[in-house]
Amino acid sequence: MTLSKPVELRLPVPPSVNRYWRSGTRNGVPHVYLSDEARNYKHTVHLLTRHVEPFAGAVVLQIIVFREYNRGDIDNYLKGLLDSLQGNVYANDNQIIEIHLYKRLDRNDPRVELTAWEETK
């Protein structure tokens with residue numbers, strides 16, 4: 001296995017999964033939708049990744065989440081982040097074959113440092 005040239009990104013910390021979706025009703029039918037915070041985050045990620053050509057093959061990710069506070073589960077950030085990268089770093093998040101996820105504390109500069117590679121045969 002070889003890896004392509006990596007894409008390195010510095011992104012804001014995504015909203016927690018607890019704030020990512022909202023529920024309500026539409027025409028009397030229960031409905032789940034993205035929160036305003038989630039839509040704004042996806043838009044920001046799109047702007048920050050507009051120079052990236054999405055990978056077409058299998059993708060490997062290294063994600064370091066630098067949080068302002070040391071509370072909450074690290075996986076609460078993952079779904080929103082991966083969804084926001086879809087169409088920008090890879091065509092579909094089902095291309096991801098491996099994730100290395102780390103959390104760190106940085107009270108002065110919360111962020112996500114992401115490195116992505118495409119696996120090539």
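## Exposure and the Asp36–Arg39 pair

A residue counts as exposed when its relative accessible area is over 50%, as buried when that area is under 20%, and as partly exposed in between. In this predicted model, aspartate 36 has a relative accessible area of 52% and is therefore exposed, while arginine 39, at 41%, is partly exposed.

The side chains of these two residues, aspartate 36 and arginine 39, meet in a salt bridge with an N to O distance of 2.2 Å. Both belong to helix α2, where they are three residues apart, about one turn of the helix.

## The two sides of helix α2

Helix α2 runs over residues 36-48 and has 13 residues, and its span of 18 Å from first C-alpha to last is close to the 18 Å expected at 1.5 Å a residue. Its buried residues are Ala38, Tyr41 and Val45, and because they cover an arc of only 60 degrees around the axis, they lie on the same side of α2.

The cover over these buried residues includes β2 (7-11), α1 (17-20), β4 (29-34) and α3 (78-85). On the face of α2 turned away from the buried side are the exposed residues Asp36 and Asn40.

## Salt bridges around Arg111

The count of salt bridges comes to seven. Arginine 111, buried at 10% relative accessibility, forms one with aspartate 109, with the closest N and O atoms 3.6 Å apart, and another with glutamate 113, where the corresponding distance is 2.8 Å.

Both acidic partners are partly exposed, aspartate 109 at 28% relative accessibility and glutamate 113 at 29%. Through shared partners, salt bridges join Arg10, Asp106, Asp109, Arg111 and Glu113 into one network.

Key: Residues are numbered from 1 along each chain as its sequence is written. This is a predicted model: local features need pLDDT of at least 70, side-chain atom pairs count only at pLDDT 80 or more; totals for chains, interfaces and linings use all residues. Side-chain values use heavy atoms; hydrogens and water are left out. Helices (H or I, at least four residues) and strands (E, at least two) are DSSP runs, numbered from the N terminus. The expected span of a helix is 1.5 Å times one less than its number of residues. Buried means under 20% relative accessible area, exposed over 50%, partly exposed in between (1.4 Å probe, protein chains only). The arc is that of the directions from the helix axis to the C-beta atoms. Contact means heavy atoms within 4.5 Å. A salt bridge is a side-chain nitrogen of Lys or Arg within 4 Å of a carboxyl oxygen of Asp or Glu.
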